[in-house]
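User: I would like to go through this model by question and answer. Please keep each reply short.

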Amino acid sequence: MAEIIRMPKMSDTMEEGVIAAWLKKVGDTVKPGDILAEVETDKATMELESYDEGVLLYIGVKEKDSVPVNGVIAVIGEKGEDYEHLLNGSEKSEKKEEAPKAEESTPEPAKSEAPEEKIDVSNINATVITMPKMSDTMQEGTIASWLKNVGDDIKSGEIIAEVETDKATMELESYDDGTLLYIGVEAGDSVPVDGVIAVIGEKGADFETLLKAQKSNSSESAPEPKKEAAPEKESAPEPEKKSTPAATPVASTSDGERIKASPLAKKMAEEKGLDIRQVSGSGEGGRIVKKDIENFVPAAAPQAASAAGAAPAIGQESYKEEKVSQMRKVIAKRLAESKFGAPHFYLTMEINMDKAIEARKSMNEVSPVKISFNDMVIKAAAAALRQHPKVNSSWLGDKIRYNEHIHIGMAVAVEEGLLVPVIRFADNLSLSQISTQAKSLGGKAKNKELQPKDWEGNTFTISNLGMFGIDEFTAIINPPDACILAVGGIKETVIVKDGQMQIGNIMKVTLSCDHRVVDGSVGSAFLITLKSLLEDPVRILV
């Protein structure tokens, strides 16, 4: 029986996905676990696996085109099978689930009534493992890899899998002793929070009955009809498919052959325009990893010559258009909501950094880590926030939250966009501690190693473009903060001091404020304190 393949929700903020590449074409034979396509979300490029066996009958989305979550992207079934009725009735079946059941004389109505019966699982010595909520915004997770296979003995505290969220990869720990009886989610596939991913229990325990009981207790049945339709031919293979150990992620195909590569390696190869089939893998089983792409030197190819020959003539107009990435779409949406939802106003002030330059030079002679000007700004901002708590606040619609703790978000540019790791209790940290944390979090952000605790809970944000030679700029507020500080570079210029012109080092800062929470006088008082602390850095250490 033909099955419709829909666009899964692969991250908590995903609203649509882009088909980066199809790895199968119409007419190809597909087996469970085969990679059908690569899907670009707002956070990463991920692999779309098949859970059905058959022939790829239909592809509904072209490469580089987007499709909303739960939209139809393909159909898999038996060769020559008629699937048109599925496409024509897909929308109706979503809105009225009972109508198709009444029209068909299959055993499906009996299946829909089955969950109403109470299933006794008291004698089954096993536990269903569900997807935990690993952050306050997480709605689903992706199994990056399974570290245990079906039949393995598990002890409490052991790591059984790695789970990808939209921002980090985290370890899934077992809290039960027993045998891994069942794996319900293949590596690379996503599952909603509280969705079933595995069963651990006594060897030989009846986990199928336990899963039926779990299924009957679940209020969501949207994804289930697809998987229930498969057992009409044979009921046994379905659990067997889910129970097989997760395979190593496969990057792409070459003339029908699958090449092992990590998702990051695939993305890097695509960005560099490399043919990943030419890269030799140094990972386990010949898997291509990040360092293989970084160290790969492509041989002179005729493609380069043809590309050069195809270059536009002098004076000829030309342009290139690219699909907007999912991450860029989300950034655009969130920043637009902040910019047009929160009434921004801006306060700019010049700060003489002469003493700060001298103090930094002196401190770095004894500091265990190199202290940057950004570290000094973070420390000074934290101290100023302690004196002006109204700036350290959030707009919550019907109330204003005045935070008594100071967690400063530090904007970090990454290749795909922007991340904001958080330095917690910044006012209680020394400059060397702030420097250590800033360097560590910045490295984690660029390597996609941030954990939820690293990016959650900011009460104030600092964005620094001074290292890029920017004199001054205005930043868009990072919700739920009420303010964000934009820091420019230190510029040597002529200043007037005691009626005399002399050379000084000036840094401009601009405070963007949400006028619903912070008034101009409050923001100005904060900047005056910040200025006094940076112009006399000894006061920061008190």
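**Cysteines, sheet and helices**

Analyst: Cys513 is buried, at a relative accessible area of 0%. Note that this is a predicted model.

User: Is Cys483 buried or exposed?

Analyst: The cut-off for buried is under 20% relative accessible area. Cys483 has a relative accessible area of 0%, so the residue is buried.

User: Why is there no bond between the sulfurs of Cys513 and Cys483?

Analyst: The structure holds zero disulfides. For Cys483, the nearest cysteine sulfur is that of Cys513. A disulfide needs the two sulfur atoms within 2.5 Å. The separation is too far for a bond because it is 3.9 Å.

User: Which residue of β28 does Phe345 stand opposite?

Analyst: β19 and β28 run antiparallel and are joined by nine bridges. β28 covers residues 500–514. Opposite Phe345 in that strand stands Cys513.

User: In what order do the six strands of the open sheet come?

Analyst: The pairing in this sheet is mixed. Its edge strands are β19 (344–352) and β25 (422–423), each pairing on one side only. The order is β19-β28-β27-β26-β22-β25.

User: What angle does the direction of helix α11 make with that of β28?

Analyst: α11 spans residues 354–363 and packs on the sheet. This helix touches β19, β27 and β28. Its direction makes an angle with that of β28 of about 90°.

User: And what angle does the direction of α12 make with that of β26?

Analyst: α12, residues 373–387, also packs on the sheet. Among the strands it touches are β22, β25 and β26. The angle with the direction of β26 is about 155°.

User: How are α12 and α15 oriented to each other?

Analyst: Two packed helices are described by the angle between their axes and the distance between the axes. For α12 and α15 the angle is about 135°, and the axes are 9 Å apart. Residues in the contact include Met376 and Ala380 of α12 and Phe526 and Leu530 of α15. The two helices are therefore oblique.

User: What is the handedness of the crossing where α12 passes α15?

Analyst: α15 covers residues 520–535. α12 passes α15 in a crossing that is right-handed.

User: Is Asn428 buried or exposed?

Analyst: Asn428 lies in the loop between β25 and α13. The cut-off for exposed is over 50% relative accessible area. Asn428 has 59% relative accessibility, so the residue counts as exposed.

User: How far apart in space are Asn428 and Ile406, C-alpha to C-alpha?

Analyst: In sequence, Asn428 and Ile406 are 22 residues apart. In space, the C-alpha to C-alpha distance is 8.9 Å.

Terms used. Residues numbered from 1 in each chain as written. Predicted model: local features only at pLDDT ≥ 70, side-chain atom pairs only at ≥ 80, totals over all residues. Heavy atoms only, no water. Pairing = 2+ DSSP bridges. Helix = DSSP H or I, 4+ residues; strand = E, 2+ residues; numbered from the N terminus. Contact = heavy atoms within 4.5 Å. Axes fitted to C-alpha atoms, helices over the stretch in contact; angles between N-to-C directions. Buried < 20%, exposed > 50% of the residue type's maximum accessible area, 1.4 Å probe, protein only. Parallel < 35°, antiparallel > 145°, perpendicular 65-115°, else oblique. Left-handed = near helix turned anticlockwise from the far one by under 90°.
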